[in-house]
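Subject: Structure handover

Hello,

Here is the structure I said I would pass on. My notes on it follow below.

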Amino acid sequence: MSFVQLNHIVKSFKHQEVLKDISLEIPEGQIFGLLGPSGSGKTTLIKIMLGLLKPSDGTAVIEDTVMPSLKQMRSIGYMAQSDALYSELTARENLLFFASIYGIRKSRRKRRVEDIAKMVDLTDHLDKKLAAFSGGMLRRMSLAAALMHYPKLLVLDEPTVGIDPVLRASIWKDLKNLQNQGTTIIITTHVMDEAEKCDCLAMLRNGRIIAQGSPAELQEASKSSTLEEAFLYYG
Ligand code: ADP
């Protein structure tokens, strides 16, 4: 069954049509990659899925609920490119804050923060201020915050931008673990070895999906020997 279904989504800002008849289905438990150059419409599409923007036409349906729906928005975790984290507070204080705004019961917050910190490998840093964190540690903090309320759908906008390959690999390990627990994940990326790890990819150009399929299918259909070459082919 599809967890996310987009039906003929159109979005215009004033006279500019930035999304043009986008339809796609994302099965439950899949890691789905959205690829496309800057300005192709990825963030706008994500915001429509999240219920932060209304489409001009068409519908975004998550688990049988048409977005925007407050109930469904609570089951989504969103990791934006830059998050509102408090650099003068410790990691623990930041996560306790997210636990409270996400409605985790007070008696459970301390335990939840410790479990989440363990999941993203920040246990040893919980009592440090974020001001002392590296870029990679901050990305892990953002992931922890997005996971706080046990989301069924996790949406990540370029989650590993600006971090080194070792940390990128460890974030991917977290994502695969979440997938194994049944979480559906949507990710935007420019990084080729991330695209290869997705179950399915959609390539956006000027507000349209120009190719869609598994990395292997896209590669084969373009008769390319690497995914990078395939992207150039669809370019
Ligand atoms: P991407 O995430 O792929 O870089 P975006 O979805 O951010 O693309 O943007 C797609 C297009 O929509 C761009 O041309 C951008 O200028 C335009 N756009 C995005 N948000 C707005 C807005 N709030 N008002 C007007 N134009 C916008």
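**Ligand shell**

The ligand is surrounded by F13, V18, G36, S38, G39, S40, G41, K42, T43 and T44, where a residue counts as near a molecule or strand if its C-beta atom, placed from the backbone, lies within 6 Å of it. The model is a predicted one: local features need pLDDT of at least 70, side-chain atom pairs count only at pLDDT 80 or more, and totals for chains, interfaces and linings use all residues. Residues are numbered from 1 along each chain as its sequence is written.

Helix α1 (residues 42-50) contributes the most to this shell, with 3 residues. Helices (H or I, at least four residues) and strands (E, at least two) are DSSP runs, numbered from the N terminus. By class, the shell holds 2 nonpolar, 7 polar and 1 charged residues. Here Ala, Val, Leu, Ile, Met, Phe, Trp, Tyr, Cys and Pro count as nonpolar, Asp, Glu, Lys and Arg as charged, and the others, Gly among them, as polar.

**The sheet of 6 strands**

One open sheet has 6 strands in the order β6-β7-β8-β3-β9-β10, and its pairing is mixed; two strands pair if DSSP finds at least two bridges between them. β6 (76-79) and β10 (208-213) are at the edges with a single partner strand each, so one side of each has no neighbour in the sheet. On average, neighbouring strands of this sheet are turned by 15° against each other, direction ignored. Axes are lines fitted to C-alpha atoms, for helices over the stretch in contact, and angles run from 0 to 180 degrees between N-to-C directions.

Within this sheet, strands β7 (residues 153-157) and β8 (residues 184-188) run parallel and are joined by 5 bridges. L153 is opposite T184 in β8.

Two helices lie across these strands. Helix α5 (residues 135-147) lies across β6 and β7, at about 165° to β6. Helix α6 (residues 165-180) lies across β3 (31-35), β7 and β8, and runs at about 150° to β8. Contact between two residues requires their C-beta atoms, placed from the backbone, to lie within 7 Å.

**The sheet of 4 strands**

A further open sheet of 4 strands has the order β2-β1-β4-β5, with antiparallel pairing. Its edge strands are β2 and β5 (65-66), each pairing on one side only.

β1 (residues 2-13) and β2 (residues 16-27) run antiparallel and are joined by 8 bridges; K11 stands opposite L19 in β2. The two strands form a hairpin with 2 residues between them, and K14 in the turn has a positive phi of about 50°. On to β4 (residues 57-62), β1 makes 5 bridges, again antiparallel. In β4, the bridge partner of N7 is T59, and that of Q5 is V61.

**Helix packing around α3**

Two packed helices are described by the angle between their axes and the distance between the axes.

The axes of α3 (residues 91-101) and α4 (residues 106-119) come within 9 Å and cross at roughly 120°. The two are therefore oblique to each other: angles under 35 degrees count as roughly parallel, over 145 as roughly antiparallel, 65 to 115 as roughly perpendicular and the rest as oblique. The crossing of α3 and α4 is right-handed; a crossing is left-handed if the near helix is turned anticlockwise from the far one by less than a right angle, and right-handed if clockwise. From α3, R92, L95, L96, A99 and S100 meet R109, R112, V113, I116 and A117 in α4. This contact has 6 nonpolar, 1 polar and 3 charged residues.

α3 also packs against α5, at an angle of about 25° with the axes 9 Å apart. That makes α3 roughly parallel to α5. The crossing of α3 and α5 is right-handed. A91, N94, L95 and F98 of α3 make the contact with M141, A144 and A145 of α5. By class there are 6 nonpolar, 1 polar and no charged residues in the contact of α3 with α5.

**Backbone points to check by eye**

Most residues other than glycine have a negative phi, and most peptide bonds are trans. D21, in strand β2, has a positive phi, near 55°. M67 and P68 are joined by a cis peptide bond, with omega about 0°. P68 is in the loop between β5 and α2 (70-73).

Regards
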